[in-house]
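Biologist: I would like to learn how to read a protein model step by step, beginning with what it means to call a residue buried. Could you give me the general idea before we turn to the case at hand?

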Amino acid sequence: MKQALAILAAALFAFTALTQAEKDVDVLLSRMHEASKAADVTYFDLFADDAVFFGTDLWERWTKDEFAALYKPYMESGRGWEFKMRDRRVALQPCGTIALFDETLFSESYGPCRGSGAARLDDGEWTIVRYHLDITIPNEVVDQVIPITSAWHRTAIRYLHIDASGHALDEVAAAIRATKPDLISVVGLEFPAYHDLQEILLPEFEHCAFSDAPELLLLLRMSGFVGIDGTTFTGEGNKLTWITTETDEPAFLIADAGNGDSAGAKAEMDRIISEIKPELVFRNGVVEGGYEGVQIEIEPADVVGIRAIRGGIRWHREHEVLFKPGR
């Protein structure tokens, strides 16, 4: 009898400990949502130093430092975000220091969502080590949604333009890592510094294309890009650097245009661009659409304290690609 009671007591203790751990993680997640709603920067203290936050977009994988660099200033400006919890499940793992969780959420901006991840017990304190936020899609409308998202990934890029004047290279790299764009242009650096910046960013930005007309750095993130090829044309004092990139669809062209001094040189550059029809043209540090089917939606932004322009660029090509560098 005594042995049976001892076994029962041990089982009850284990059940109580399990329940308390799950309650502690439940409280942790509730505190996270309360902090984000109140724009309380202690929100970031609820994450472990090695935490990773996954947002709703494919590129949104942030370390804690990257996430805080991007959104702590946002909260400090008095803005937050609210997700109302509808239900939550927490499961303590056999090790006793890891808990998995998932929760159903609702947002006025995004509608029904799901959050999932893991929490870890370190030195008697639970912190979040992974959080993955998803926007849910009803099965009944998947056939309508998939063509939209697929078309976006095939014919769109996320763009960031940075004025690096007066900023250290580590600060510029932090802004790039936080926003994780597909295409970046950087002005305001001496040319040798571009190579130093490339070294800091490797291997995240494995394929880099540098242009010298004008001082401009173009970096292409590996997400969706499988190759870069560059060729330079000159004539009438012009310098034109071509960068081709390939996605699942036909390659698109980027032209970095440096106009000569004469009116004739500008006219010649315009003629070349109108004939070859690149998707993007850089002139004097400004990005333009190369033809009517290119849509550029960018706006000024402050990224980790650096003046920037960011947004999306999409294109719809009806013409044949006439220019194929290196062929």
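Modeller: A residue is called buried when its relative accessible area is under 20%, exposed when that value is over 50%, and partly exposed in between. In this predicted model, K64 has a relative accessible area of 16%, and therefore K64 is buried.

Biologist: How many residues does the protein have, and what share of them count as buried?

Modeller: The protein has 327 residues, and 40% of them count as buried. Its accessible surface comes to about 17600 Å², and carbon and sulfur atoms hold 53% of that area.

Biologist: Which helices and strands should I expect to find as I follow the chain, and how many are there?

Modeller: The protein contains six helices and 17 strands. As for contacts, among those with a separation of 6 or more, 52% are between residues 24 or more positions apart.

Biologist: What is a salt bridge, and how many does the structure hold?

Modeller: A salt bridge is counted when a side-chain nitrogen of Lys or Arg lies within 4 Å of a carboxyl oxygen of Asp or Glu. By that rule the structure holds 13 salt bridges, and one of them joins the side chains of K64 and D49, with 3.4 Å from N to O. Because K64 belongs to helix α2 and D49 to strand β1 (residues 47-54), this pair ties together parts that are 15 residues apart in sequence.

Biologist: Is D49 in that pair buried or exposed?

Modeller: D49 has a relative accessible area of 70%, so D49 is exposed, whereas K64, at 16%, is buried.

Biologist: Where do R271 and E275 lie, and how far apart are they in sequence?

Modeller: R271 and E275 both lie in helix α6 (residues 263-276), four residues apart, which is about one turn of the helix. Their side chains meet in a salt bridge, at 2.9 Å from N to O. R271 counts as partly exposed at 36% relative accessibility, and E275 is also partly exposed, with a relative accessible area of 43%. Salt bridges can also share partners, and in this way D26, R88 and E103 are joined into one network.

Biologist: What are the accessibilities in a pair such as R89 and D87?

Modeller: The side chains of R89 and D87 meet in a salt bridge with 3.2 Å from N to O. R89 is exposed, with a relative accessible area of 52%, while D87, at 29% relative accessibility, counts as partly exposed.

Biologist: Which residues does E66 touch, leaving aside those up to four places away in sequence?

Modeller: E66, which is found in helix α2 (residues 64-76), counts as buried because its relative accessibility is 12%. With residues up to four places away in sequence left out, E66 touches R61, R177, A178 and K180. A178 is one of the buried residues of helix α4 (residues 169-179), which also include L169, V172, A173, A175, I176 and T179. K180 comes just after α4 and takes a positive phi of about 50°.

Biologist: Which residues form a negative patch on the surface?

Modeller: For a patch, the residues must have over 30% relative accessible area and no salt bridge, and like charges are joined within 9 Å. Here D40, D45, D123 and E125 form a negative surface patch, and E125 is found in strand β6 (residues 125-135).

Methods:
Residues numbered from 1 in each chain as written. Predicted model: local features only at pLDDT ≥ 70, side-chain atom pairs only at ≥ 80, totals over all residues. Heavy atoms only, no water. Patch = residues over 30% accessible without salt bridge, like charges linked within 9 Å, V, L, I, M, F, W, Y side chains within 5 Å. Areas by Shrake-Rupley, 256 points an atom, 1.4 Å probe, with all protein chains shown as cover. Lys, Arg positive; Asp, Glu negative; His and termini not counted. Charge placed at Lys NZ, Arg CZ, Asp CG, Glu CD. Helix = DSSP H or I, 4+ residues; strand = E, 2+ residues; numbered from the N terminus. Buried < 20%, exposed > 50% of the residue type's maximum accessible area, 1.4 Å probe, protein only. Contact = heavy atoms within 4.5 Å.
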